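Q: Could you zoom in on one part of this structure and talk me through it in detail? I'd like to know what sits around it as well, down to individual side chains.

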Amino acid sequence: MTDAVALPAARVWQAGRYLVDLARPQVMAIVNVTPDSFWEGGRSPDPAEALARCRAAVDEGADLLDLGAESTRPGAPPVPVAEELRRLLPVLEGALALGVPVSVDTRKTPVMVAALAAGADAINDVQALRDPGALEALAAHPSAGVCLMHMQGSPESMQVAPTYRDVVDEVVQFLEARVAAAVQAGIARERVVVDPGFGFGKTVDHNLALWRHLDRLLPLAQGVLVGWSRKSTLGHLTGRPAGDRLPASLAAALASVQRGARIVRVHDVAATVDALRVWGRSGLIE
Ligand code: HH2
């Protein structure tokens, strides 16, 4: 019997203090130090609560932590740099002591600069280092990792009328160009993972087309990261509100790994770790 999909060769992602082994699927815990993230269960606006969430995520088996201090849900207004840093830095300092790589989810160069200076292992940027100075900020930290994500438009307007000639071709070409720009700026390929950006300037059909062709992203960088957790496309497919989308999120995480993704960004760490542990024993990943 053959596997349903050809899995990518094992690779390692350089993320700051860590070499992340992408032979095994990695669970990235979402910790949003925000009052307004799209799912209320994913909001920890209080720094002490956010740090407790980081600890719980690590106890539950998270391989990485992803700290965000600005919601990028559809319609979200930008948060000023000073406010983003006020939310982020106290939590980052504590999270860095928890023994796993910590990435910071930001699209602003000054926040990247401060986060990297404070020791963040990676930057997760939903706009793929397009803020002026962002490439240089990453290049100045020779071991820091980066996730380059595709987004059409900006969070404020991205879901108004997303349009593509061919969504798969366009996302692949965009990410290819952003990886090339990163390498050109001096950011080694070993430091880069890419993400199709489910829900970021995309209709349900766009998301599904990208999902079905996820293999097209595999050659672009060290690994593919996906974020399906509790997103509205899963609501569209199941008819359920964000609070009731855990089963759908688990199915989406497993299917994404089967399609070659190696980092799943999730709100529900314990459930995802269990699901992957059992799924992996089927022989699809040894
Ligand atoms: N999704 C969100 C935020 N950051 N980063 C990557 N790389 N991929 C994603 O799919 C992704 C992301 C949105 O989810 P969440 O952080 O839970 O919500 P909010 O942006 O409202 O805080």
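A: One definition first: when I give an angle between two elements, each axis is a line fitted to C-alpha atoms, for helices over the stretch in contact, and the angle runs from 0 to 180 degrees between N-to-C directions. Keep in mind too that this is a predicted model.

Let's take helix 9 and work outwards. Helix 9 covers residues 269-284 and lies across strand 3 and strand 10, the latter being residues 263-266. Relative to strand 3, helix 9 runs at about 170°. Those two strands are the ends of the order 3-4-5-6-7-8-9-10, which makes a closed barrel of eight strands with parallel pairing. Going round that sheet, neighbouring strands are turned by 25° against each other on average, if you ignore direction.

A good residue to look at in the helix is Thr272, which belongs to helix 9. Its relative accessibility is 3%, and the cut-off for buried is under 20%, so Thr272 counts as buried. What is packed around it? Beyond its neighbours within four places in sequence, Thr272 is in contact with Val27, Leu250, Ala253, Val264 and Val266. Val27 falls within strand 3, residues 26-32, while Val264 and Val266 fall within strand 10, residues 263-266. The side chain of Thr272 also reaches back along the chain, coming to 2.6 Å from the backbone oxygen of Asp268.

Just before the helix you get His267, in the loop between strand 10 and helix 9. At a relative accessible area of 15%, His267 is under the 20% limit and therefore buried as well. Its side chain makes a polar contact with the side chain of Ser229, at 2.7 Å. With neighbours within four places left out, the contacts of His267 are Ile30, Phe38, Trp39, Gly42, Ser229 and Arg230.

Two of those contacts give us somewhere to go next. Ile30 takes us into strand 3, residues 26-32, which is joined to strand 4 (residues 64-68) by five bridges, the two running parallel. One residue to find there is Met28, whose bridge partner in strand 4 is Leu64. Phe38 takes us to the ligand: a backbone N or O atom of Phe38 lies 2.9 Å from one of the ligand's oxygen atoms. Taken alone, the ligand exposes 480 Å², and the protein buries 98% of that.

There are 19 residues around the ligand, and the ones that come nearest are Ser37, Ser71, Asn124, Asp195 and Lys231. Look at the acidic side chains here: a polar side-chain atom of Asp195 is 2.6 Å from a nitrogen atom of the ligand, and a polar side-chain atom of Asp105 is 2.9 Å from a ligand nitrogen.

Asp105 is also a contact of Glu84, if you want to follow the trail a bit further. Glu84 is in helix 2, residues 81-95. You might not guess it from a glutamate, but Glu84 has a relative accessible area of 1%, which means it is buried, given the cut-off of under 20%. Besides Asp105, its contacts outside the four nearest places in sequence are Ala69, Glu70, Val79, Thr106, Lys108 and Val111. With Thr106 there is a side-chain to side-chain polar contact at 2.7 Å. As for Ala69, it is 15 residues away from Glu84 along the chain, with their C-alpha atoms separated by 5.4 Å.

Back in the barrel, strand 5 (residues 102-105) is joined to strand 6 by three bridges, and the pair run parallel. Across that pairing, Ser103 stands opposite Ala122. Strand 6 itself is short enough to go through residue by residue: Ala122 and Asn124 point one way, Ile123 and Asp125 point the other, and all are buried. Side chains in a regular strand alternate between the two faces of the sheet. Asn124, you'll recall, is one of the residues that come nearest the ligand.

For contrast, try Glu136 in helix 4, residues 134-139. Its relative accessibility is 53%, over the 50% mark, so Glu136 counts as exposed.

Notes. Residues numbered from 1 in each chain as written. Predicted model: local features only at pLDDT ≥ 70, side-chain atom pairs only at ≥ 80, totals over all residues. Heavy atoms only, no water. Pairing = 2+ DSSP bridges. Helix = DSSP H or I, 4+ residues; strand = E, 2+ residues; numbered from the N terminus. Contact = heavy atoms within 4.5 Å. Near = heavy atom within 4 Å. Polar contact = N/O pair within 3.5 Å; in protein donor to acceptor, adjacent residues only side chain to side chain. Areas by Shrake-Rupley, 256 points an atom, 1.4 Å probe, with all protein chains shown as cover. Buried < 20%, exposed > 50% of the residue type's maximum accessible area, 1.4 Å probe, protein only.
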